[in-house]
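Q: Could you take me through one part of this model up close? I'd like to look at the surroundings of a single ligand and then see how the rest compares.

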Amino acid sequence: MLASDLIQSIKYKQLSDEHFADFEVTTVTQDTREVVPGAIFIAIVGSNVDGHQFVPQAVASGAKMIIAQEPVDTTVPVFYVKDTHRAMAFLADKFYGSPSKSMKMIGVTGTNGKTTVTHLIEEVFDNMGEGTGLIGTLYRKVNDQIFPTTNTTPDVLTNQKTLADMRDHNVKTVSMEVSSIALVQGRVWGINYDICVFTNFTEDHLAYHKTMSQYKLAKSLLFAQMGNTFDGKTAVMNIDDPVGREFIDYTTSNILTYGIDHQADISAENINISIHGTEFDLHVLNEVRHVKTNLIGKFNVYNSLAAVGAAYAAGADLDEIVDSLSKAKGVKGRFQLVPSDTGVSVIVDYAHTPDGLLNVLETLNDFAKQDTYCIVGCGGDRDAQKRPQMAKIAVEHSTHAILTEDNPRTEDPHKIMDDMLAGIDPDQATVIFNRREAIQYAVNHAKPGDAIIIAGKGHEDYQIIGHTKHHFDDYEEAEKALNNREN
Ligand SMILES: CC(=O)N[C@H]1[C@@H](OP(=O)(O)OP(=O)(O)OC[C@H]2O[C@@H](n3ccc(=O)[nH]c3=O)[C@H](O)[C@@H]2O)O[C@H](CO)[C@@H](O)[C@@H]1O[C@H](C)C(=O)N[C@@H](C)C(=O)N[C@H](CCC(=O)O)C(=O)O
Ligand SMILES: Nc1ncnc2c1ncn2[C@@H]1O[C@H](COP(=O)(O)OP(=O)(O)OP(=O)(O)O)[C@@H](O)[C@H]1O
Ligand SMILES: N[C@H](CCC[C@H](N)C(=O)O)C(=O)O
Ligand SMILES: [Mg+2]
(Lines give C-alpha, C1' and ligand atoms only; values in the text may rest on other atoms or scores of the structure.)
(Ligands and ions follow the chains in the order given, each with its own letter.)
Protein backbone atom coordinates (compact mmCIF):
# COMPACT_ATOMS: atom_id res chain seq x y z
CA MET A 1 0.00 0.00 0.00
CA LEU A 2 1.24 3.47 -0.85
CA ALA A 3 1.96 5.79 2.07
CA SER A 4 -0.22 8.47 0.44
CA ASP A 5 -3.22 6.09 0.48
CA LEU A 6 -2.64 4.86 4.00
CA ILE A 7 -2.34 8.34 5.45
CA GLN A 8 -5.84 9.19 4.19
CA SER A 9 -7.21 7.11 7.08
CA ILE A 10 -6.17 9.67 9.70
CA LYS A 11 -6.61 13.38 10.40
CA TYR A 12 -3.14 14.90 10.43
CA LYS A 13 -1.03 18.01 10.20
CA GLN A 14 2.08 17.41 8.13
CA LEU A 15 4.92 19.71 9.07
CA SER A 16 7.74 18.60 6.82
CA ASP A 17 5.79 18.15 3.55
CA GLU A 18 8.70 19.27 1.35
CA HIS A 19 10.40 15.95 2.17
CA PHE A 20 7.44 13.74 1.34
CA ALA A 21 7.95 11.36 -1.55
CA ASP A 22 5.45 8.56 -1.84
CA PHE A 23 6.62 5.00 -1.10
CA GLU A 24 5.33 1.46 -0.72
CA VAL A 25 4.81 0.84 3.01
CA THR A 26 6.41 -2.40 4.20
CA THR A 27 5.04 -2.34 7.74
CA VAL A 28 3.45 -0.07 10.31
CA THR A 29 4.79 -0.39 13.84
CA GLN A 30 4.97 1.30 17.22
CA ASP A 31 8.07 -0.66 18.22
CA THR A 32 11.59 0.14 16.99
CA ARG A 33 12.48 -3.50 17.43
CA GLU A 34 10.10 -4.29 14.54
CA VAL A 35 11.13 -1.50 12.16
CA VAL A 36 12.30 -2.62 8.70
CA PRO A 37 13.25 -0.44 5.71
CA GLY A 38 10.10 1.24 4.34
CA ALA A 39 8.26 1.16 7.67
CA ILE A 40 6.01 3.79 9.20
CA PHE A 41 6.88 4.26 12.89
CA ILE A 42 4.19 5.48 15.29
CA ALA A 43 5.50 7.17 18.45
CA ILE A 44 3.37 6.14 21.43
CA VAL A 45 3.59 7.70 24.88
CA GLY A 46 3.70 4.56 27.02
CA SER A 47 3.55 3.95 30.74
CA ASN A 48 7.28 3.13 30.92
CA VAL A 49 8.82 5.19 28.15
CA ASP A 50 7.88 7.75 25.53
CA GLY A 51 8.14 6.27 22.04
CA HIS A 52 9.04 9.71 20.65
CA GLN A 53 12.53 9.21 22.04
CA PHE A 54 13.00 6.20 19.73
CA VAL A 55 12.40 8.15 16.51
CA PRO A 56 16.12 8.46 15.60
CA GLN A 57 16.52 4.72 16.16
CA ALA A 58 13.46 3.99 13.98
CA VAL A 59 14.83 6.17 11.18
CA ALA A 60 18.25 4.53 11.47
CA SER A 61 16.53 1.16 10.99
CA GLY A 62 14.80 2.36 7.82
CA ALA A 63 11.52 4.01 8.87
CA LYS A 64 10.46 6.35 6.05
CA MET A 65 7.69 8.20 7.85
CA ILE A 66 6.85 9.06 11.45
CA ILE A 67 3.47 9.55 13.11
CA ALA A 68 3.91 11.66 16.25
CA GLN A 69 1.94 13.78 18.67
CA GLU A 70 4.88 15.71 20.08
CA PRO A 71 7.64 17.63 18.26
CA VAL A 72 10.39 15.40 16.91
CA ASP A 73 13.51 16.43 15.06
CA THR A 74 14.19 14.08 12.16
CA THR A 75 15.03 13.86 8.47
CA VAL A 76 11.95 11.91 7.35
CA PRO A 77 8.42 13.32 7.01
CA VAL A 78 6.50 13.56 10.26
CA PHE A 79 2.72 13.54 10.31
CA TYR A 80 1.48 15.10 13.52
CA VAL A 81 -1.80 13.95 15.02
CA LYS A 82 -3.56 14.83 18.25
CA ASP A 83 -3.38 11.28 19.59
CA THR A 84 -1.02 8.69 18.14
CA HIS A 85 -2.82 5.90 19.97
CA ARG A 86 -6.05 6.64 18.11
CA ALA A 87 -4.25 7.16 14.80
CA MET A 88 -2.56 3.78 15.25
CA ALA A 89 -5.96 2.02 15.33
CA PHE A 90 -7.08 3.70 12.09
CA LEU A 91 -3.78 2.98 10.34
CA ALA A 92 -3.78 -0.64 11.50
CA ASP A 93 -7.29 -1.24 10.18
CA LYS A 94 -6.54 0.37 6.81
CA PHE A 95 -3.08 -1.21 6.36
CA TYR A 96 -4.40 -4.72 6.96
CA GLY A 97 -7.62 -4.16 4.96
CA SER A 98 -10.24 -4.35 7.76
CA PRO A 99 -9.85 -8.14 8.16
CA SER A 100 -12.43 -8.40 10.93
CA LYS A 101 -15.18 -7.54 8.43
CA SER A 102 -14.62 -10.73 6.47
CA MET A 103 -14.80 -13.20 9.38
CA LYS A 104 -17.28 -13.98 12.13
CA MET A 105 -15.75 -12.17 15.10
CA ILE A 106 -16.50 -13.26 18.67
CA GLY A 107 -15.15 -11.19 21.59
CA VAL A 108 -15.28 -12.49 25.17
CA THR A 109 -14.88 -10.28 28.22
CA GLY A 110 -15.40 -10.67 31.98
CA THR A 111 -13.20 -11.15 35.04
CA ASN A 112 -12.93 -14.94 34.92
CA GLY A 113 -13.54 -17.59 32.30
CA LYS A 114 -12.47 -15.73 29.13
CA THR A 115 -9.73 -18.21 28.19
CA THR A 116 -11.93 -21.21 28.90
CA VAL A 117 -14.89 -19.81 26.94
CA THR A 118 -12.82 -18.72 23.92
CA HIS A 119 -11.22 -22.18 23.71
CA LEU A 120 -14.60 -23.92 23.97
CA ILE A 121 -15.95 -21.74 21.16
CA GLU A 122 -12.91 -22.36 18.97
CA GLU A 123 -13.24 -26.11 19.50
CA VAL A 124 -16.86 -26.07 18.25
CA PHE A 125 -15.89 -24.61 14.87
CA ASP A 126 -12.70 -26.66 14.66
CA ASN A 127 -14.77 -29.77 15.33
CA MET A 128 -17.05 -28.74 12.45
CA GLY A 129 -14.00 -28.62 10.17
CA GLU A 130 -14.09 -24.84 9.71
CA GLY A 131 -11.07 -22.54 9.67
CA THR A 132 -10.72 -21.05 13.13
CA GLY A 133 -8.68 -18.36 14.85
CA LEU A 134 -8.05 -17.65 18.51
CA ILE A 135 -6.42 -14.76 20.35
CA GLY A 136 -5.97 -15.00 24.12
CA THR A 137 -3.87 -15.52 27.22
CA LEU A 138 -2.21 -18.76 26.08
CA TYR A 139 -1.40 -17.90 22.47
CA ARG A 140 -2.61 -16.66 19.10
CA LYS A 141 -3.74 -19.52 16.88
CA VAL A 142 -4.39 -19.47 13.14
CA ASN A 143 -5.98 -22.83 12.26
CA ASP A 144 -3.35 -25.25 13.64
CA GLN A 145 -0.48 -22.79 13.87
CA ILE A 146 0.35 -21.34 17.26
CA PHE A 147 2.11 -18.04 17.92
CA PRO A 148 3.35 -16.81 21.31
CA THR A 149 1.82 -13.73 22.89
CA THR A 150 2.75 -11.28 25.65
CA ASN A 151 -0.67 -9.92 26.46
CA THR A 152 -4.06 -11.62 26.68
CA THR A 153 -5.28 -9.03 24.17
CA PRO A 154 -2.35 -7.76 22.07
CA ASP A 155 -1.88 -4.19 20.81
CA VAL A 156 -4.06 -3.03 17.92
CA LEU A 157 -1.38 -3.53 15.23
CA THR A 158 -0.67 -7.10 16.33
CA ASN A 159 -4.40 -7.76 16.44
CA GLN A 160 -5.07 -6.49 12.93
CA LYS A 161 -1.98 -8.26 11.59
CA THR A 162 -3.08 -11.54 13.18
CA LEU A 163 -6.62 -11.10 11.86
CA ALA A 164 -5.28 -10.43 8.34
CA ASP A 165 -3.22 -13.63 8.60
CA MET A 166 -6.36 -15.49 9.68
CA ARG A 167 -8.41 -14.06 6.81
CA ASP A 168 -5.66 -15.04 4.35
CA HIS A 169 -5.68 -18.59 5.73
CA ASN A 170 -9.42 -19.14 5.28
CA VAL A 171 -10.40 -18.63 8.88
CA LYS A 172 -14.18 -18.20 9.15
CA THR A 173 -14.66 -17.69 12.88
CA VAL A 174 -12.39 -15.92 15.37
CA SER A 175 -12.72 -16.37 19.11
CA MET A 176 -10.92 -13.67 21.05
CA GLU A 177 -10.37 -12.67 24.68
CA VAL A 178 -10.86 -8.96 25.27
CA SER A 179 -9.32 -7.77 28.53
CA SER A 180 -10.54 -4.67 30.34
CA ILE A 181 -7.07 -3.10 30.01
CA ALA A 182 -7.16 -3.67 26.26
CA LEU A 183 -10.56 -2.00 26.07
CA VAL A 184 -9.29 1.08 27.88
CA GLN A 185 -6.12 1.22 25.79
CA GLY A 186 -7.99 0.91 22.47
CA ARG A 187 -6.26 -2.35 21.55
CA VAL A 188 -9.48 -3.56 19.87
CA TRP A 189 -10.55 -0.29 18.30
CA GLY A 190 -11.77 -0.91 14.76
CA ILE A 191 -12.45 -4.62 15.27
CA ASN A 192 -15.92 -5.40 14.06
CA TYR A 193 -17.33 -7.90 16.57
CA ASP A 194 -20.44 -9.81 15.50
CA ILE A 195 -20.89 -11.50 18.85
CA CYS A 196 -19.76 -10.29 22.28
CA VAL A 197 -19.87 -12.44 25.38
CA PHE A 198 -19.93 -11.39 29.03
CA THR A 199 -18.79 -13.98 31.59
CA ASN A 200 -18.86 -12.31 35.01
CA PHE A 201 -17.63 -9.34 36.99
CA THR A 202 -15.73 -9.50 40.28
CA GLU A 203 -12.59 -7.86 41.64
CA ASP A 204 -9.32 -7.86 39.68
CA HIS A 205 -6.88 -5.46 38.01
CA LEU A 206 -7.41 -2.63 40.51
CA ALA A 207 -3.70 -1.80 40.27
CA TYR A 208 -4.58 -0.59 36.78
CA HIS A 209 -8.22 0.58 36.94
CA LYS A 210 -8.04 1.95 40.54
CA THR A 211 -11.75 1.55 41.32
CA MET A 212 -14.36 -1.11 40.68
CA SER A 213 -16.52 1.42 38.84
CA GLN A 214 -13.67 2.28 36.45
CA TYR A 215 -13.05 -1.43 35.95
CA LYS A 216 -16.73 -2.00 35.22
CA LEU A 217 -16.79 0.91 32.80
CA ALA A 218 -13.83 -0.64 30.96
CA LYS A 219 -15.67 -3.95 30.57
CA SER A 220 -18.83 -2.21 29.38
CA LEU A 221 -16.95 -0.66 26.45
CA LEU A 222 -17.02 -3.92 24.52
CA PHE A 223 -20.82 -3.85 24.46
CA ALA A 224 -21.12 -0.12 23.86
CA GLN A 225 -18.68 -0.44 20.95
CA MET A 226 -20.82 -3.04 19.16
CA GLY A 227 -22.46 -0.12 17.37
CA ASN A 228 -25.84 1.44 17.10
CA THR A 229 -27.23 -0.27 14.01
CA PHE A 230 -29.37 -3.37 13.64
CA ASP A 231 -27.04 -5.59 11.66
CA GLY A 232 -27.47 -9.01 13.18
CA LYS A 233 -25.03 -8.64 16.07
CA THR A 234 -25.62 -10.52 19.31
CA ALA A 235 -24.54 -9.95 22.89
CA VAL A 236 -24.42 -13.15 24.97
CA MET A 237 -24.96 -12.15 28.58
CA ASN A 238 -24.70 -13.93 31.93
CA ILE A 239 -28.08 -13.04 33.44
CA ASP A 240 -27.15 -14.44 36.87
CA ASP A 241 -24.52 -11.71 37.24
CA PRO A 242 -25.95 -8.27 38.14
CA VAL A 243 -23.39 -6.59 35.88
CA GLY A 244 -24.46 -8.84 33.01
CA ARG A 245 -28.03 -7.66 33.51
CA GLU A 246 -26.84 -4.04 33.62
CA PHE A 247 -24.75 -4.28 30.44
CA ILE A 248 -27.77 -5.42 28.42
CA ASP A 249 -28.84 -1.77 28.42
CA TYR A 250 -25.54 -0.65 26.87
CA THR A 251 -26.02 -2.30 23.49
CA THR A 252 -28.60 -2.21 20.71
CA SER A 253 -27.61 -5.74 19.61
CA ASN A 254 -29.78 -8.81 19.84
CA ILE A 255 -29.49 -10.38 23.27
CA LEU A 256 -29.08 -14.04 24.18
CA THR A 257 -29.09 -14.54 27.94
CA TYR A 258 -27.63 -17.51 29.77
CA GLY A 259 -27.85 -18.53 33.40
CA ILE A 260 -28.67 -21.17 35.96
CA ASP A 261 -30.54 -19.28 38.67
CA HIS A 262 -32.50 -16.79 36.52
CA GLN A 263 -34.82 -17.52 33.60
CA ALA A 264 -32.59 -17.40 30.51
CA ASP A 265 -32.55 -18.20 26.77
CA ILE A 266 -29.77 -20.70 27.45
CA SER A 267 -29.76 -22.54 30.76
CA ALA A 268 -28.65 -25.67 32.59
CA GLU A 269 -30.78 -27.95 34.75
CA ASN A 270 -30.15 -31.16 36.69
CA ILE A 271 -26.45 -30.36 37.09
CA ASN A 272 -24.32 -33.24 38.32
CA ILE A 273 -20.66 -32.57 39.14
CA SER A 274 -18.03 -35.19 39.94
CA ILE A 275 -14.24 -35.52 39.77
CA HIS A 276 -14.73 -37.15 36.37
CA GLY A 277 -16.73 -34.34 34.81
CA THR A 278 -20.05 -32.56 34.71
CA GLU A 279 -23.46 -33.46 33.28
CA PHE A 280 -26.49 -31.24 32.79
CA ASP A 281 -29.60 -30.71 30.69
CA LEU A 282 -28.96 -27.87 28.30
CA HIS A 283 -31.93 -25.72 27.32
CA VAL A 284 -31.45 -23.50 24.28
CA LEU A 285 -34.63 -21.51 23.62
CA ASN A 286 -37.15 -24.35 23.18
CA GLU A 287 -34.68 -27.17 22.52
CA VAL A 288 -33.16 -29.51 25.12
CA ARG A 289 -30.00 -31.64 24.97
CA HIS A 290 -28.11 -33.66 27.57
CA VAL A 291 -24.49 -32.52 27.97
CA LYS A 292 -21.60 -34.58 29.36
CA THR A 293 -18.33 -32.70 29.64
CA ASN A 294 -14.90 -33.34 31.12
CA LEU A 295 -14.87 -29.82 32.59
CA ILE A 296 -15.40 -29.76 36.33
CA GLY A 297 -17.36 -27.34 38.51
CA LYS A 298 -20.42 -25.12 38.42
CA PHE A 299 -18.32 -22.24 37.09
CA ASN A 300 -17.53 -24.40 34.09
CA VAL A 301 -21.25 -24.93 33.51
CA TYR A 302 -21.43 -21.13 33.16
CA ASN A 303 -18.44 -21.18 30.82
CA SER A 304 -20.10 -23.92 28.75
CA LEU A 305 -23.37 -21.96 28.54
CA ALA A 306 -21.48 -18.84 27.41
CA ALA A 307 -19.73 -20.86 24.69
CA VAL A 308 -23.01 -22.46 23.62
CA GLY A 309 -24.57 -18.98 23.32
CA ALA A 310 -21.72 -17.62 21.20
CA ALA A 311 -21.49 -20.67 18.93
CA TYR A 312 -25.27 -20.77 18.51
CA ALA A 313 -25.39 -17.06 17.68
CA ALA A 314 -22.59 -17.64 15.16
CA GLY A 315 -24.76 -20.21 13.39
CA ALA A 316 -23.39 -23.54 14.68
CA ASP A 317 -25.76 -26.47 14.84
CA LEU A 318 -26.83 -27.34 18.40
CA ASP A 319 -25.90 -31.03 18.04
CA GLU A 320 -22.45 -30.06 16.78
CA ILE A 321 -22.05 -27.76 19.78
CA VAL A 322 -23.03 -30.49 22.24
CA ASP A 323 -20.73 -32.99 20.50
CA SER A 324 -17.83 -30.56 20.80
CA LEU A 325 -18.53 -29.91 24.50
CA SER A 326 -18.44 -33.65 25.13
CA LYS A 327 -14.96 -33.86 23.54
CA ALA A 328 -13.49 -30.73 25.15
CA LYS A 329 -10.41 -31.60 27.17
CA GLY A 330 -10.22 -28.29 29.02
CA VAL A 331 -7.50 -25.68 28.88
CA LYS A 332 -3.95 -26.18 30.16
CA GLY A 333 -3.67 -25.07 33.78
CA ARG A 334 -7.42 -24.77 34.35
CA PHE A 335 -8.46 -27.34 36.97
CA GLN A 336 -5.84 -29.69 35.53
CA LEU A 337 -5.34 -32.97 37.38
CA VAL A 338 -1.72 -34.13 37.81
CA PRO A 339 -1.57 -37.94 37.38
CA SER A 340 -0.53 -39.67 40.58
CA ASP A 341 -0.65 -43.15 42.10
CA THR A 342 -0.37 -41.81 45.66
CA GLY A 343 -4.12 -41.48 46.24
CA VAL A 344 -3.62 -37.73 46.63
CA SER A 345 -5.42 -35.58 44.01
CA VAL A 346 -3.22 -32.72 42.85
CA ILE A 347 -4.80 -29.98 40.72
CA VAL A 348 -3.14 -27.05 38.97
CA ASP A 349 -5.45 -24.08 38.45
CA TYR A 350 -5.17 -20.46 37.28
CA ALA A 351 -7.40 -18.97 40.01
CA HIS A 352 -5.77 -15.59 40.63
CA THR A 353 -8.77 -13.57 41.76
CA PRO A 354 -10.84 -13.90 44.96
CA ASP A 355 -13.87 -15.11 43.01
CA GLY A 356 -11.82 -17.56 40.92
CA LEU A 357 -10.24 -19.02 44.06
CA LEU A 358 -13.58 -19.30 45.84
CA ASN A 359 -15.10 -21.11 42.86
CA VAL A 360 -12.33 -23.69 42.55
CA LEU A 361 -12.17 -24.34 46.28
CA GLU A 362 -15.94 -24.82 46.45
CA THR A 363 -15.67 -27.25 43.56
CA LEU A 364 -12.79 -29.08 45.21
CA ASN A 365 -14.70 -29.32 48.49
CA ASP A 366 -17.64 -30.87 46.65
CA PHE A 367 -15.69 -33.98 45.84
CA ALA A 368 -12.61 -34.08 48.13
CA LYS A 369 -12.94 -37.13 50.35
CA GLN A 370 -10.76 -35.77 53.14
CA ASP A 371 -8.50 -32.76 53.74
CA THR A 372 -7.83 -30.06 51.18
CA TYR A 373 -4.56 -28.13 50.77
CA CYS A 374 -4.57 -24.77 49.01
CA ILE A 375 -1.23 -23.39 47.81
CA VAL A 376 -1.64 -19.78 46.75
CA GLY A 377 0.27 -16.52 46.31
CA CYS A 378 -0.46 -13.13 44.81
CA GLY A 379 1.31 -11.39 41.93
CA GLY A 380 3.55 -8.36 42.47
CA ASP A 381 2.79 -5.09 40.60
CA ARG A 382 -0.83 -6.20 40.48
CA ASP A 383 -3.99 -5.44 42.48
CA ALA A 384 -2.92 -5.35 46.18
CA GLN A 385 -6.50 -5.22 47.45
CA LYS A 386 -7.19 -8.78 46.39
CA ARG A 387 -4.33 -10.17 48.55
CA PRO A 388 -6.01 -10.28 52.00
CA GLN A 389 -9.22 -11.51 50.40
CA MET A 390 -7.49 -14.40 48.66
CA ALA A 391 -5.69 -15.43 51.86
CA LYS A 392 -9.01 -15.36 53.74
CA ILE A 393 -10.73 -17.48 51.08
CA ALA A 394 -7.84 -19.98 51.17
CA VAL A 395 -8.07 -20.27 54.96
CA GLU A 396 -11.86 -20.48 55.10
CA HIS A 397 -12.32 -22.92 52.22
CA SER A 398 -9.45 -25.36 52.66
CA THR A 399 -8.19 -27.44 55.56
CA HIS A 400 -4.56 -26.33 55.11
CA ALA A 401 -3.76 -22.98 53.52
CA ILE A 402 -0.15 -22.61 52.35
CA LEU A 403 0.78 -19.08 51.33
CA THR A 404 3.64 -18.70 48.89
CA GLU A 405 5.09 -16.60 46.03
CA ASP A 406 3.52 -15.94 42.62
CA ASN A 407 5.46 -13.65 40.24
CA PRO A 408 6.69 -11.08 42.80
CA ARG A 409 7.94 -8.96 39.87
CA THR A 410 9.46 -5.72 41.23
CA GLU A 411 7.75 -5.95 44.65
CA ASP A 412 9.29 -7.28 47.85
CA PRO A 413 7.77 -10.77 48.43
CA HIS A 414 7.62 -10.00 52.18
CA LYS A 415 5.39 -6.98 51.50
CA ILE A 416 3.08 -9.10 49.31
CA MET A 417 2.96 -11.76 52.05
CA ASP A 418 2.20 -9.14 54.72
CA ASP A 419 -0.70 -7.90 52.57
CA MET A 420 -2.05 -11.45 52.35
CA LEU A 421 -1.56 -12.14 56.08
CA ALA A 422 -3.49 -8.95 56.92
CA GLY A 423 -6.67 -10.78 55.84
CA ILE A 424 -6.28 -13.67 58.32
CA ASP A 425 -5.01 -14.71 61.72
CA PRO A 426 -1.42 -15.67 60.72
CA ASP A 427 -1.66 -18.89 62.77
CA GLN A 428 -4.30 -20.15 60.35
CA ALA A 429 -1.87 -20.55 57.45
CA THR A 430 1.58 -21.98 56.74
CA VAL A 431 3.91 -19.52 55.04
CA ILE A 432 6.54 -21.00 52.68
CA PHE A 433 7.96 -18.33 50.38
CA ASN A 434 9.66 -20.73 47.99
CA ARG A 435 6.88 -22.10 45.75
CA ARG A 436 8.77 -25.34 44.99
CA GLU A 437 9.13 -26.03 48.71
CA ALA A 438 5.47 -25.12 49.29
CA ILE A 439 4.37 -27.70 46.72
CA GLN A 440 6.71 -30.37 48.18
CA TYR A 441 5.43 -29.60 51.70
CA ALA A 442 1.79 -30.14 50.67
CA VAL A 443 2.59 -33.30 48.74
CA ASN A 444 4.57 -34.72 51.70
CA HIS A 445 1.86 -33.95 54.24
CA ALA A 446 -1.22 -34.97 52.22
CA LYS A 447 -2.64 -38.41 52.87
CA PRO A 448 -4.44 -40.66 50.39
CA GLY A 449 -7.92 -39.19 49.84
CA ASP A 450 -6.68 -35.62 50.34
CA ALA A 451 -6.70 -33.04 47.53
CA ILE A 452 -4.17 -30.29 46.79
CA ILE A 453 -4.91 -27.25 44.67
CA ILE A 454 -1.95 -25.25 43.36
CA ALA A 455 -3.58 -21.96 42.45
CA GLY A 456 -2.69 -18.82 40.52
CA LYS A 457 -0.19 -19.77 37.82
CA GLY A 458 -2.04 -22.36 35.72
CA HIS A 459 -0.33 -22.60 32.31
CA GLU A 460 2.45 -20.14 33.22
CA ASP A 461 5.90 -21.68 32.85
CA TYR A 462 7.75 -18.93 34.64
CA GLN A 463 8.24 -17.08 37.89
CA ILE A 464 8.91 -13.36 37.32
CA ILE A 465 11.39 -11.98 39.85
CA GLY A 466 12.32 -8.36 39.22
CA HIS A 467 12.10 -8.12 35.45
CA THR A 468 13.52 -11.60 34.85
CA LYS A 469 11.47 -14.67 33.95
CA HIS A 470 12.80 -17.89 35.53
CA HIS A 471 11.47 -21.21 34.29
CA PHE A 472 8.88 -22.52 36.74
CA ASP A 473 5.89 -24.69 35.93
CA ASP A 474 3.43 -25.75 38.66
CA TYR A 475 2.49 -28.92 36.75
CA GLU A 476 6.12 -30.01 36.38
CA GLU A 477 6.82 -29.11 40.00
CA ALA A 478 3.83 -31.15 41.16
CA GLU A 479 5.02 -34.16 39.16
CA LYS A 480 8.52 -33.83 40.69
CA ALA A 481 7.13 -33.38 44.19
CA LEU A 482 4.96 -36.50 43.80
CA ASN A 483 8.03 -38.49 42.68
CA ASN A 484 10.00 -37.23 45.70
CA ARG A 485 7.14 -37.72 48.15
CA GLU A 486 8.43 -38.57 51.62
CA ASN A 487 5.44 -40.60 52.70
C1 LIG B 1 0.61 -1.27 31.61
C2 LIG B 1 0.30 -1.79 30.25
O3 LIG B 1 -0.79 -2.21 29.97
N4 LIG B 1 1.31 -1.78 29.38
C5 LIG B 1 1.10 -2.20 27.99
C6 LIG B 1 1.49 -1.07 27.08
O7 LIG B 1 2.87 -0.82 27.27
P8 LIG B 1 3.40 0.60 27.65
O9 LIG B 1 2.40 1.67 27.37
O10 LIG B 1 3.87 0.51 29.05
O11 LIG B 1 4.65 0.73 26.65
P12 LIG B 1 6.11 1.23 27.00
O13 LIG B 1 6.93 0.07 27.40
O14 LIG B 1 6.04 2.42 27.91
O15 LIG B 1 6.60 1.72 25.56
C16 LIG B 1 6.04 2.88 24.91
C17 LIG B 1 6.24 2.77 23.44
O18 LIG B 1 7.65 2.72 23.13
C19 LIG B 1 7.88 1.65 22.24
N20 LIG B 1 9.25 1.17 22.41
C21 LIG B 1 9.68 0.75 23.63
C22 LIG B 1 10.99 0.28 23.77
C23 LIG B 1 11.85 0.24 22.64
O24 LIG B 1 13.02 -0.17 22.67
N25 LIG B 1 11.35 0.68 21.44
C26 LIG B 1 10.08 1.14 21.31
O27 LIG B 1 9.68 1.52 20.22
C28 LIG B 1 6.85 0.61 22.61
O29 LIG B 1 6.62 -0.30 21.55
C30 LIG B 1 5.62 1.49 22.87
O31 LIG B 1 4.95 1.78 21.68
O32 LIG B 1 1.31 -1.46 25.74
C33 LIG B 1 2.03 -2.64 25.36
C34 LIG B 1 1.66 -2.93 23.89
O35 LIG B 1 0.26 -3.00 23.76
C36 LIG B 1 1.63 -3.81 26.24
O37 LIG B 1 2.37 -4.97 25.88
C38 LIG B 1 1.89 -3.46 27.68
O39 LIG B 1 1.42 -4.51 28.47
C40 LIG B 1 2.26 -4.90 29.59
C41 LIG B 1 3.35 -5.88 29.11
C42 LIG B 1 1.41 -5.56 30.68
O43 LIG B 1 1.91 -6.25 31.54
N44 LIG B 1 0.11 -5.36 30.66
C45 LIG B 1 -0.84 -6.01 31.55
C46 LIG B 1 -1.17 -5.17 32.76
C47 LIG B 1 -2.07 -6.21 30.69
O48 LIG B 1 -2.29 -5.51 29.71
N49 LIG B 1 -2.89 -7.21 31.05
C50 LIG B 1 -4.09 -7.48 30.31
C51 LIG B 1 -5.01 -8.41 31.08
C52 LIG B 1 -4.42 -9.74 31.46
C53 LIG B 1 -5.48 -10.78 31.80
O54 LIG B 1 -6.39 -10.52 32.59
O55 LIG B 1 -5.40 -11.91 31.24
C56 LIG B 1 -3.76 -8.09 28.94
O57 LIG B 1 -4.59 -7.94 28.01
O58 LIG B 1 -2.70 -8.72 28.79
N1 LIG C 1 -16.89 -18.63 35.05
C2 LIG C 1 -16.02 -18.55 36.04
N3 LIG C 1 -16.35 -17.98 37.22
C4 LIG C 1 -15.45 -17.88 38.25
N5 LIG C 1 -14.19 -18.36 38.18
C6 LIG C 1 -13.81 -18.95 37.03
C7 LIG C 1 -14.69 -19.07 35.90
N8 LIG C 1 -14.03 -19.67 34.91
C9 LIG C 1 -12.79 -19.90 35.37
N10 LIG C 1 -12.66 -19.49 36.64
C11 LIG C 1 -11.43 -19.51 37.49
O12 LIG C 1 -10.56 -18.53 36.91
C13 LIG C 1 -9.34 -19.15 36.47
C14 LIG C 1 -8.94 -18.55 35.14
O15 LIG C 1 -9.85 -18.98 34.14
P16 LIG C 1 -9.68 -18.46 32.66
O17 LIG C 1 -8.27 -18.53 32.31
O18 LIG C 1 -10.66 -19.14 31.79
O19 LIG C 1 -10.11 -16.92 32.90
P20 LIG C 1 -9.63 -15.58 32.21
O21 LIG C 1 -10.79 -14.65 32.31
O22 LIG C 1 -9.16 -15.88 30.85
O23 LIG C 1 -8.40 -15.08 33.09
P24 LIG C 1 -7.34 -13.91 32.67
O25 LIG C 1 -8.02 -12.63 33.03
O26 LIG C 1 -6.15 -14.14 33.50
O27 LIG C 1 -7.07 -14.05 31.22
C28 LIG C 1 -9.63 -20.63 36.37
O29 LIG C 1 -8.46 -21.38 36.56
C30 LIG C 1 -10.66 -20.81 37.48
O31 LIG C 1 -9.99 -20.89 38.71
N1 LIG D 1 -2.50 -12.47 33.30
C2 LIG D 1 -2.92 -11.86 34.53
C3 LIG D 1 -2.99 -12.89 35.65
C4 LIG D 1 -1.66 -13.28 36.29
C5 LIG D 1 -1.84 -14.29 37.41
C6 LIG D 1 -0.77 -14.39 38.45
N7 LIG D 1 0.09 -15.50 38.19
C8 LIG D 1 0.02 -13.10 38.63
O9 LIG D 1 1.15 -13.03 38.16
O10 LIG D 1 -0.53 -12.18 39.26
C11 LIG D 1 -2.04 -10.68 34.91
O12 LIG D 1 -0.95 -10.54 34.35
O13 LIG D 1 -2.49 -9.89 35.71
MG1 LIG E 1 -7.40 -15.34 29.91
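**A close look at ligand 2**

A: Let's start with the shell: 22 residues sit around ligand 2, and the nearest are G113, K114, T115, A351 and G356. Here a residue counts as near a molecule or strand if its C-beta atom, placed from the backbone, lies within 6 Å of it. This is a predicted model, where local features need pLDDT of at least 70, side-chain atom pairs count only at pLDDT 80 or more, and totals for chains, interfaces and linings use all residues. Residues are numbered from 1 along each chain as its sequence is written, while chains are lettered from A and ligands numbered from 1 in the order in which they are written.

So where does ligand 2 sit? Domain 2 (99-327) and domain 3 (336-486) both hand residues to its shell, so ligand 2 lies between them. (The domain bounds come from an automatic or database domain assignment.) Helices pitch in too: helix 4 (114-127), helix 10 (298-313) and helix 12 (354-367) each supply at least two shell residues. Helix 12 gives the most, with four. Helices are DSSP runs of H or I with at least four residues, strands are runs of E with at least two, and both are numbered from the N terminus.

What's the shell made of? Around ligand 2 there are five nonpolar, 12 polar and five charged residues. For this split, Ala, Val, Leu, Ile, Met, Phe, Trp, Tyr, Cys and Pro are nonpolar, Asp, Glu, Lys and Arg are charged, and the others, Gly among them, are polar.

Now set the other two ligands beside it. Ligand 1 has 21 residues around it, with G46, N48, N151, D155 and S179 the closest. Its shell takes at least three residues from each of domain 1 (3-95) and domain 2, and it divides into six nonpolar, 12 polar and three charged. Ligand 3 is surrounded by H352, G379, R382, D406, N407, G456, K457 and E460. That shell has no nonpolar residues, just four polar and four charged.

How confident is the predictor? The protein chain has a mean pLDDT of 95, and 99% of its residues reach 70 or more; pLDDT is the predictor's confidence in each residue, from 0 to 100. For the complex, the predictor gives an ipTM of 0.96 and a pTM of 0.95.
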